[in-house]
Amino acid sequence: MSTLPYTIAAVERDTGLSKDVLRVWERRYGFPNPSRDANGERSYPADQVERLRQIKRLMDQGHRPGKLLAAPFASLAELAPRRPDNRCPPAPDDELAELMGLIKAHDAAGFQQAMQQRLARQGLQRFVLDSVAPLAELVGGAWEAGRFEVFEEHLFTELTKRVLRQSIATLPAGRGPRLLLTSVPNEEHVLGLLMAEALFSLEGAECIPLGTQMPVIDIVRAAEAHAADIVALSFSVAFPTRQIPGLLQQLRAALPAGRELWVGGGGMARVPPIDGVRSLGGFAEAIAALADWRAAHPQQ
């Protein structure tokens, strides 16, 4: 682990805990307990940041912050494993295992070359479904089990994003519907959005990617500005499930009735149905939703 201190902005990015929350905890619980640098700014040691990461993971699984902050760091790991349930990740086939080995060996060039070769062999649709999607699950599982470091998971994500974006850029312009793809604040996982964009673009949809962490009011404004037919969001398993229904209800109420709201990602698995929101259980359902939209709008 790095021994360099973290600024409060770096802690916010690294843990997903807002600056306001960090300050409140400092006053109320005495933790975190940062020092001050020469400019009087908060400076957090690496061991406190690691404890904050663990606390955030456990909060996302339903634990109360007051109890977590009072507990010794050594006992936090006993409250829940890094993987929040007992599912076993799928065993990689030999080729996927080799790709994961390249990441573990920190061979960025080798991984990117192997991914490009796999893309050329499979085509973009099969590449997304049979390579990127299972790899993302395997890498996520390896990180949760402690077999992958954070920087190794980030390397996989960044290199895979590069391959997908390059592929999407070669596709012809879509004919519709017009889909706006983004995520809400504090949902920074973009790989699922990129996979959806690739598949929707292959089906001839016109995709408007806005990246991640868009405030709800800005999503509404962007949908209006781009005359989007559909707003598509993604929630990862890391996003707090309890926050999702309220966010979707808020967004659904702010969007015009004729503008559809689609939502996918692993974070939706435990979210009950919400009126006016189409939940996509996987990429096959996403393609089916696109076909349904076109059947209902034959003139568009």
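In which helix is the place of Arg162? Arg162 belongs to helix H9, and the views below, all taken from a predicted model, set this helix beside the fold as a whole and several loop residues.

**Figure 1. Overall view of the predicted model.** The protein contains 13 helices and eight strands. Its radius of gyration is 21 Å, close to the 19 Å that the globule rule gives for 300 residues, so the protein is as compact as a globular protein of that length. The C-alpha trace extends over about 60 × 45 × 40 Å along the principal axes. Of the 300 residues, 44% count as buried. Contacts between residues at least 6 apart in sequence include 67% that join residues at least 24 apart. The accessible surface amounts to about 15500 Å², and carbon and sulfur atoms account for 52% of this area. The protein carries 33 positive and 35 negative charges, whose mean positions lie 5 Å apart.

**Figure 2. Close-up of helix H9, residues 150–169.** For the 20 residues of H9, a rise of 1.5 Å a residue predicts a span of 28 Å; the end C-alpha atoms are 29 Å apart, which agrees. The buried residues of the helix are Glu152, Phe156, Thr157, Leu159, Thr160, Lys161, Val163, Leu164, Ser167 and Ile168. An α-helix has 3.6 residues a turn, so residues three or four places apart point the same way. The buried residues of H9 pack against four helices: H6 (94–104), H7 (108–122), H8 (124–144) and H10 (191–202).

**Figure 3. Close-up of Arg162 in helix H9.** Arg162 has a relative accessible area of 43% and is therefore partly exposed. Its C-alpha atom lies 8.8 Å from that of Gln112, although the two residues are 50 apart in sequence.

**Figure 4. Close-up of the loop between helix H2 (19–29) and strand E2 (35–36), with Asn33.** The loop also holds Pro32, and the peptide bond from Phe31 to Pro32 is cis, with omega near 0°. Asn33 has a relative accessible area of 52%; this residue is exposed because the value is over 50%. Between Asn33 and Arg23, ten residues apart in sequence, the C-alpha to C-alpha distance is 9.7 Å.

**Figure 5. Close-up of the cis peptide bond from Gly176 to Pro177.** Omega of this bond is near 5°. Pro177 is located in the loop between H9 and strand E4, which covers residues 178–182.

**Figure 6. Close-up of His106, in the loop between H6 and H7.** His106 is not a glycine, yet its phi is positive, at about 65°. The residue is partly exposed, with a relative accessible area of 43%. The helices on either side of this loop, H6 and H7, are among those against which the buried residues of H9 pack.

**Figure 7. Close-up of Ala227, in the loop between helix H11 (216–225) and strand E6 (230–234).** Ala227 has a phi near 50°, a positive value in a residue other than glycine. Its relative accessible area is 42%, so Ala227 is partly exposed.

Terms used
Residues numbered from 1 in each chain as written. Predicted model: local features only at pLDDT ≥ 70, side-chain atom pairs only at ≥ 80, totals over all residues. Heavy atoms only, no water. Helix = DSSP H or I, 4+ residues; strand = E, 2+ residues; numbered from the N terminus. Rg over C-alpha atoms; globule rule 2.2 N^0.38 Å. Buried < 20%, exposed > 50% of the residue type's maximum accessible area, 1.4 Å probe, protein only. Contact = heavy atoms within 4.5 Å. Areas by Shrake-Rupley, 256 points an atom, 1.4 Å probe, with all protein chains shown as cover. Lys, Arg positive; Asp, Glu negative; His and termini not counted. Charge placed at Lys NZ, Arg CZ, Asp CG, Glu CD. Expected span 1.5 Å × (residues − 1).
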